[in-house]
Amino acid sequence: MHYTCPSCAAINRIAEDQQHKQQAQCGRCKQPLFNGQPVELDDGSFQRFLQKNDMPVVVDFWASWCGPCKMMAPVFTQLCGQMQQQLRFAKVNTEQAQQTSAQLGIRSIPTLIVYHQGKEIDRLAGALPAPQLQQWLQAALSKIH
Ligand SMILES: [Zn+2]
């Protein structure tokens with residue numbers, strides 16, 4: 001399975017089973033691959049990240065001036081810790097990644113998009129509390145498998 005390092009963006013090959021995943025380290029920078037933190041993406045890294053991960057990816061499109069985004073950030077990080085074996089969590093600052101945000105037609109924030117192998121699976125506009133957000137993510141994952 002291909003997995004992009006959250007620290008240095010190197011592409012790692014890791015075994016599929018849960019136990020190996022827990023302890024997996026990056027072959028280049030030796031940081032843990034499953035660190036419980038969303039990965040920050042920008043215009044330069046966005047497409048590569050989507051294409052080079054075999055796991056589904058959920059991206060949070062946010063902005064520093066957006067109140068609901070700030071409320072949702074800790075929820076997103078919490079779910080990342082809980083669901084990181086099933087799903088990659090990534091964040092895009094729409095003020096910096098303007099090209100990516102325009103290409104994807106992001107009109108309201110926060111917007112969440114779930115991808116699998118570079119293809120959009122589902123999209124959600126607006127913040128949700130943790131239980132509802134988790135339900136939405138599970139529903140999106142069930143469309144993949
Ligand atoms: Zn690394």
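I count two residues as in contact when heavy atoms lie within 4.5 Å. I note also that the model is predicted.

**Entry 1: Ala63**

I began with Ala63, which I found in the loop between β4 and α3. I looked up its exposure: Ala63 is buried, with a relative accessible area of 1%. Leaving aside neighbours within four places in sequence, I listed Cys69, Asn93, Thr94, Glu95 and Ile109 as the contacts of Ala63. I then checked Gly36, which is 27 residues from Ala63 along the chain; their C-alpha atoms are separated by 21 Å.

**Entry 2: helix α3**

I moved on to α3, which covers residues 67–83 and has 17 residues. I read 25 Å from its first C-alpha to its last, close to the 24 Å expected at 1.5 Å a residue. I recorded a bend of about 30 degrees at Ala73, and I noted that a proline, Pro74, follows within four residues.

I next asked which residues of α3 are buried. I found Cys69, Met72, Val75, Phe76, Leu79, Cys80 and Met83. Cys69 had already appeared among the contacts of Ala63. I saw the buried residues of α3 pack against three strands and a helix: β4 (57–62), β5 (88–93), β6 (111–116) and α5 (130–144).

**Entry 3: the nonpolar cores**

I examined the largest nonpolar core, which has 19 residues. Val58, Leu87, Phe89, Leu112, Leu133, Trp136 and Leu137 touch the most other members. I found that α3, β6 and α5 each supply at least two residues of this core, and that α5 gives the most, with 7 residues.

I took Phe89 for a closer look. Not counting residues up to four places away in sequence, Phe89 touches Pro38, Val39, Val58, Phe76, Leu79, Cys80, Met83 and Leu137. I also noted a second, separate core of 15 residues, which includes Val39, Phe46, Leu50 and Tyr115.

**Entry 4: the zinc site**

I asked which atoms coordinate the zinc ion. I found the SG atoms of Cys5, Cys8, Cys26 and Cys29, at 2.3 Å. Along the chain, I read the spacing of these donors as C-x2-C-x17-C-x2-C. I recorded the arrangement as tetrahedral, because the 4 donor atoms subtend angles of 106 to 112 degrees around the zinc ion. The ideal angle for four tetrahedral donors is 109.5 degrees.

I then located two of the donors. Cys5 lies in the loop between β1 (2–4) and β2 (11–13), and Cys26 lies in the loop between α1 (18–23) and β3 (39–41), so this pair ties together parts that are 21 residues apart in sequence. I found both Cys5 and Cys26 buried.

Methods
Residues numbered from 1 in each chain as written. Predicted model: local features only at pLDDT ≥ 70, side-chain atom pairs only at ≥ 80, totals over all residues. Heavy atoms only, no water. Expected span 1.5 Å × (residues − 1). Bend = angle between axes of the 7 residues up to and from the residue. Buried < 20%, exposed > 50% of the residue type's maximum accessible area, 1.4 Å probe, protein only. Donors = N, O, S within 2.8 Å, 3.2 Å for Na, K, Ca; no water. Tetrahedral: all angles 85-135°; square planar, octahedral: opposite > 155°, others 65-115°. Core = buried A, V, L, I, M, F, W, Y, C linked by side-chain atoms within 4.5 Å.
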